[in-house]
Number of protein chains: 8
Amino acid sequence: MPDTHPSVMFDRTRKDRIGIEEAVLAQPKSVGQIAAIIADAMAEDRRLLLTRLQPDQHQALPAAQRAALDYCAMSYTAMLGARPSPRDMPRIAVVSAGTSDSGPATEAQRVLAYSGISATMIADVGVAGLWRLLSHQDSLQRMQVVIVCAGMDAALPSVVAGLVPGMVIAVPTSVGYGVAAGGRAALDAALASCAPGVLVTNIDNGYGAACAALRFANAAGGFT
Amino acid sequence: MPDTHPSVMFDRTRKDRIGIEEAVLAQPKSVGQIAAIIADAMAEDRRLLLTRLQPDQHQALPAAQRAALDYCAMSYTAMLGARPSPRDMPRIAVVSAGTSDSGPATEAQRVLAYSGISATMIADVGVAGLWRLLSHQDSLQRMQVVIVCAGMDAALPSVVAGLVPGMVIAVPTSVGYGVAAGGRAALDAALASCAPGVLVTNIDNGYGAACAALRFANAAGGFT
Amino acid sequence: MPDTHPSVMFDRTRKDRIGIEEAVLAQPKSVGQIAAIIADAMAEDRRLLLTRLQPDQHQALPAAQRAALDYCAMSYTAMLGARPSPRDMPRIAVVSAGTSDSGPATEAQRVLAYSGISATMIADVGVAGLWRLLSHQDSLQRMQVVIVCAGMDAALPSVVAGLVPGMVIAVPTSVGYGVAAGGRAALDAALASCAPGVLVTNIDNGYGAACAALRFANAAGGFT
Amino acid sequence: MPDTHPSVMFDRTRKDRIGIEEAVLAQPKSVGQIAAIIADAMAEDRRLLLTRLQPDQHQALPAAQRAALDYCAMSYTAMLGARPSPRDMPRIAVVSAGTSDSGPATEAQRVLAYSGISATMIADVGVAGLWRLLSHQDSLQRMQVVIVCAGMDAALPSVVAGLVPGMVIAVPTSVGYGVAAGGRAALDAALASCAPGVLVTNIDNGYGAACAALRFANAAGGFT
Amino acid sequence: MPDTHPSVMFDRTRKDRIGIEEAVLAQPKSVGQIAAIIADAMAEDRRLLLTRLQPDQHQALPAAQRAALDYCAMSYTAMLGARPSPRDMPRIAVVSAGTSDSGPATEAQRVLAYSGISATMIADVGVAGLWRLLSHQDSLQRMQVVIVCAGMDAALPSVVAGLVPGMVIAVPTSVGYGVAAGGRAALDAALASCAPGVLVTNIDNGYGAACAALRFANAAGGFT
Amino acid sequence: MPDTHPSVMFDRTRKDRIGIEEAVLAQPKSVGQIAAIIADAMAEDRRLLLTRLQPDQHQALPAAQRAALDYCAMSYTAMLGARPSPRDMPRIAVVSAGTSDSGPATEAQRVLAYSGISATMIADVGVAGLWRLLSHQDSLQRMQVVIVCAGMDAALPSVVAGLVPGMVIAVPTSVGYGVAAGGRAALDAALASCAPGVLVTNIDNGYGAACAALRFANAAGGFT
Amino acid sequence: MPDTHPSVMFDRTRKDRIGIEEAVLAQPKSVGQIAAIIADAMAEDRRLLLTRLQPDQHQALPAAQRAALDYCAMSYTAMLGARPSPRDMPRIAVVSAGTSDSGPATEAQRVLAYSGISATMIADVGVAGLWRLLSHQDSLQRMQVVIVCAGMDAALPSVVAGLVPGMVIAVPTSVGYGVAAGGRAALDAALASCAPGVLVTNIDNGYGAACAALRFANAAGGFT
Amino acid sequence: MPDTHPSVMFDRTRKDRIGIEEAVLAQPKSVGQIAAIIADAMAEDRRLLLTRLQPDQHQALPAAQRAALDYCAMSYTAMLGARPSPRDMPRIAVVSAGTSDSGPATEAQRVLAYSGISATMIADVGVAGLWRLLSHQDSLQRMQVVIVCAGMDAALPSVVAGLVPGMVIAVPTSVGYGVAAGGRAALDAALASCAPGVLVTNIDNGYGAACAALRFANAAGGFT
């Protein structure tokens, strides 16, 4: 059957307007569309970031495109082109409770890397073994932004926010069963947090948390 | 208008059958019905426990009944008759996150007291200030049952369960606003807890948590 | 009936630990408890911030306390003590869609004012008359943090986030009828926003949005 | 296994009664049933419109039927027979926010085309890049009916309705993740819209929006 | 306590832009604000429409304003100023299932009347007694727009849409108990309707249905 | 303020058509309307059944009407006129779990009495004390229809249906707290029942259960 | 992998106790378990009814069992053994709105047939073409029990119940998209029905509706 | 594609701290990760418990690991290493309503067996045939902990809790259709139970129920 998805109109002025490039949400697009977008970028020698690119979509791309892409199957992200030289600032940590939360955590890490920011990864620090988190306390208190990815461990963002003075961004994750399935329990626990100033993204939205951190970088830099 | 509520059929064999006396859930009953139940108990010189007795229901009772009752407006509980001499065992703590959670916490405490068990109260230990809970760590680790009442601080049962070897019973509470209103967020967070072996009651059900602790006392005593 | 609410244990090290003073959530507390907290602060000549202090709670306080408090009936906030001299930074705007959203917007403004930050208020800019928002575009693009309060106008955070490079914090509000009642529709629309990097608080949580802005100030200042 | 679905009783007087032909909702039907319906229509030389015909259902039809059908895999629609000559009126636009929304948008377009109405397609105009929508403002203001398909961009129907005097029909779409999954967030945002006079269909119901536009055509023409 | 609600910024160009005047949603506003808005309109000799003006809000207005207003307690609407001379077109009916639905039905009728359109009211035609609706069948089939208000009688919009060729706008209503309470059951039944081309408003939104009918009038008239 | 509710169109042929008289749902009607309906019935010497007539509505009726009505404050029902002589058949029991469920149980009983059927009332048989229900087992097994009213005791309809061969109609009730509040938990438990052939009404709909029992009487009698 | 499902304990006295044989819910069982149950029945020359037997489960059974079973892929039911000679009474109709609803409708029909009752099938009578249902009005009015299966056509049970004096049992069905998906909208519409005495089963529970009809037969026969 | 899941940080002090070893939740982990965890345990000659290990994950492990593991496909659990010699105490029963509930019931049994506790299994005792449960009454009344697994038979925990004095832990299960699908109906029925002292786990969480029973063993033993 022919590939009839319409062509895509990019928001090319987005970077100038709000300081964040448009990324390509790959999952709902056809392989033909994705390949066309990549081909355009390669032809113009433009960088490109794709999110939620499923392994089977990735496999179906032309070999030359696959060779050019830096693809990560855990976070479903792909990058084309050189990365900027790493910046020192802002200091950002991505904290995750367990293995189930590593997909969105890695997505956040890689979206930041695409903009030259090296986030510190702190994994497996669920509150059921509180000593694990407390062993990172000093490091976390120096961070300007802490992204906390947690699903079954809905308590983690509150505990972190009680320990650190920087921005705390909770990314509820969807892995889990029973009332945890889909992530609504983790989302609501983060929104209801008793710790002051926790901010929340959509479920599994590591990309959104990273974009918010980029907004922090924009704003803390005074838009210079 | 006449008081037409039907008379109530007590489950008088409950204490012998399952080791827990039937209590009177007062809120949905008419004042006339409640007064009749109390009068019966006074006539038979029987002890009585009432839960969810609203202040206006209490005020409307005959003065002699009000004088005989030990009423607590914070937990909406009332007791009639002498309390048993206090037992040493089991060791039970009732932990609460904030002032909003003191109603169900006190309900649990008083239902236990009605059976001669003095629970230790540990209040105001929300995880946003983790040092408060950790200062009680040694005491909590010696408890056989820890009842944890928390609404906006949905993280508390998980953190407690990661610290103690005894039974952990979460009582989600309903006070809060937005997604926390009604207690569903706290309930789901407790059910989804990453800490192993957390058990949960209905929202605001301090009475149920105390009854479960009585079941613990029954069972740990070997039904002797 | 006696006032049996337990006394409150403050998290007095919070300011040093995370850079935000503990505030008093007044609504679930008894008038006696609130008055005791205020009396303590007055005795120690300490500043104090109360949120969700209902008009009838405020009316029931001792006259001397009412005279000392700066109370705002629209946002249910009360402040005791001198405010710090205003700071220039960070640049923060509080945007609201309609009159229904002014409660949380004013709460955010006053919590910021309590910390010496004068936020710019931009009201009545619902997207049904887009020209109103666009007339503030230049001002908004210079802001480091934009707090957007909207209930029935769930579109507003997305539109704002498409226009500005700074941080965007959506505060869904609960006023509305039908599917809008309670604020869940506004909350979900903000979480699902197609604009990158929108962060969200609990429904009606202007206090939380202001605390997040204080975290921004902490972090952008480098914790110096 | 034999094909035991019962035969279908068409509502053959529907066109005369309400001005809209009955269409065949293919998805819940067996291939045998669908083939029988198509065979009947071909035998009687009747036109036919099928919706939600899945690619695997289409593939399983007899080759002769597949040759006779005009099938569109993006919108899952199939048409049999000649289309009426195009009419000038009414002027209808189908607006969509992103690629994820093109399925229902195309379904609406093709259902209208089956009745001889050429709708104007305006795609990729999500509010995160508002300039894209505003560049179509003049065209949109001349439209009698604007169908707006949007899922993650739940703000779009409100923004459009604030710009145009014609009818605005929102079609919430189901593509998205987290709170957006399934389309309920988009649906509720459209229903709660602050812009006056937005009407809404079921999630993904491009067919229903097109039928409503046909009702507009019936009514605006005075049923002549 | 002083009336601290901020002043309101009207969308004064709305009528020119989209053909519908801005109305005042009174319920979430303070009496002082409402009185100020009315005073402004009286001073400028401008017409004004208020919706959801509660009886106690109305009672608290100055006597002179109450005398000038045409207030309807069933629909909570108030109008100031002369009504336009009635127009013949479009032909609109407002159908309601039962007494519970008369509030939104009357709201729709009066909002239309404010624009000079006399809608035909057809009440008490719930499908449990189908003969009542069928007795109006001829009249309904001549209508260009039929607004159907129904709560417990969620079947009514589908039945009407199966009978008439004009536009059908369902207004789900909130009165009812059990699963019907709040109107979500009626809303979902209308959205899921098997009858083609039913459009839906928010629960109880008679105002929105009337505005949609005004958009019909705009569009059917060709914007002349 | 004048009483502007429109007059009510009765479905006077309902009794002939489906064997059940139309009843008046009083709660959403104004006192003026209710009084007019009663006056009409008294003038025509017609019997009348009102449901959900609130105590304050009842109090506000003219004294002569109050004297003529048989009003029951527990079930909110009122009857006017003579009751038919009691019939022997069908044999119907109304079973309720606790005091909280007596409102709907009594509503069912009185609606049946209005048609001359004396239902057997069996109260206070919650499954927490199973011996209470089992003591009625013989009686229940002879019943043709068993109406089971239960809220917090969601198990009761299943247990009854496992014991009896007659029709079992579950009426979920709304009294309760936490997840039980509003009756959805009881409703879903009844619908999901593992016992075969349990049928369910809307929450608190004792009237509906009684009407279903009247349909049973119609049908079992062969419509003679 | 070995088939480790535990053996099943039948409720063999059910038929004597409540007049309905236990049926086997096949879907959650392993093929090994199902085959063992069938083998037992064949060895004892016992009749057997299986529900929700999926096609792939059926295909995996031993050939001899497949030959002995009367399997229906549309309703997922299988019967073993001779059917009783058909009875005249009770008169039962199974009405369905559209093709999507034929699965549960056929399940009800076959479960009744297993007990010797021939139900009248009336299909494709959705209310969007009301004439179709009205053409069966005389027949329906003679039925003792009418089972109404409807999903997207949630109006159908109300319309039927307004026309007939017999018992009306609504079976909401799950086929549909958007708000109709899963059947909750159809369920709630049936529960909220304005027509008196509609009873409801779980979604897709044609088996339960048939069992309720068997209870009717039990009860109407006077348990003789 | 390379296996990029991060390594796992075990909570190795958990057994000492809370008396329960950390188990490995296998489902969200990659096969490579699971194999590495098993290899580590085998190298250190450590025992290991894995939960929710799917059959396809199990099949993909190295043959030597499969040989060493005791895997159960019904409960998705796997154990490595010797089991402790069985203890007499505590006395625990695992009760299940039907075949659909055997997965979580077996999970609970095996997690207990891993700690040397032999639980008594009581299956197929749904309340629709109450005699089955009552035949086990004496045995159940001697149990210290009764774990009750039930989905469609949401009544079972309440009935059990009315019969026994020991601890009652309800495990709602997810198998079922319509309102029962996913387990929320069973969960809410257990939480709302009228029987005093029922405690609840997340849906399908047999592991959690077993851990709670281990906490009982810890506490009843006095932590000696």
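**Entry 1: the two domains of chain A**

I began with the spacing inside chain A, and over C-alpha atoms I find 25 Å between the centre of domain 1 and the centre of domain 2. I am working from a predicted model throughout. For the bounds I noted that domain 1 of chain A runs over 14-80, while domain 2 of chain A covers 92-220.

I then looked up how the two domains meet, and I count 10 residues of domain 1 of chain A in contact with 11 residues of domain 2 of chain A. On the side of domain 1 that touches domain 2, the elements that give two or more residues are β2 (48-51) and β4 (77-80) of chain A. When I sorted that side of domain 1 by class, I wrote down 6 nonpolar and 4 polar residues, with no charged ones.

**Entry 2: chain H against chain A**

Next I turned to the contact between the two chains, to which chain H gives 15 residues and chain A gives 17 residues. For the side of chain H that touches chain A, I recorded 6 nonpolar, 5 polar and 4 charged residues.

**Entry 3: the rotation**

Which turn lays chain H on chain A? I find that a turn of 90 degrees, with a shift of 0.0 Å along the axis, does so with an RMSD of 0.0 Å. I therefore noted this as the relation of a four-fold axis.

Last, I asked which residue of chain H comes closest to the rotation axis. My note gives Gly182(H), whose C-alpha lies at 8.3 Å from that axis.

Definitions and conventions
Residues are numbered from 1 along each chain as its sequence is written. Chains are lettered from A and ligands numbered from 1 in the order in which they are written. This is a predicted model: local features need pLDDT of at least 70, side-chain atom pairs count only at pLDDT 80 or more; totals for chains, interfaces and linings use all residues. Two residues are in contact if their C-beta atoms, placed from the backbone, lie within 7 Å. Ala, Val, Leu, Ile, Met, Phe, Trp, Tyr, Cys and Pro count as nonpolar, Asp, Glu, Lys and Arg as charged, and the others, Gly among them, as polar. Domain bounds come from an automatic or database domain assignment. Helices (H or I, at least four residues) and strands (E, at least two) are DSSP runs, numbered from the N terminus. Copies are superposed by least squares on the C-alpha atoms of residues with pLDDT of at least 70 in both.
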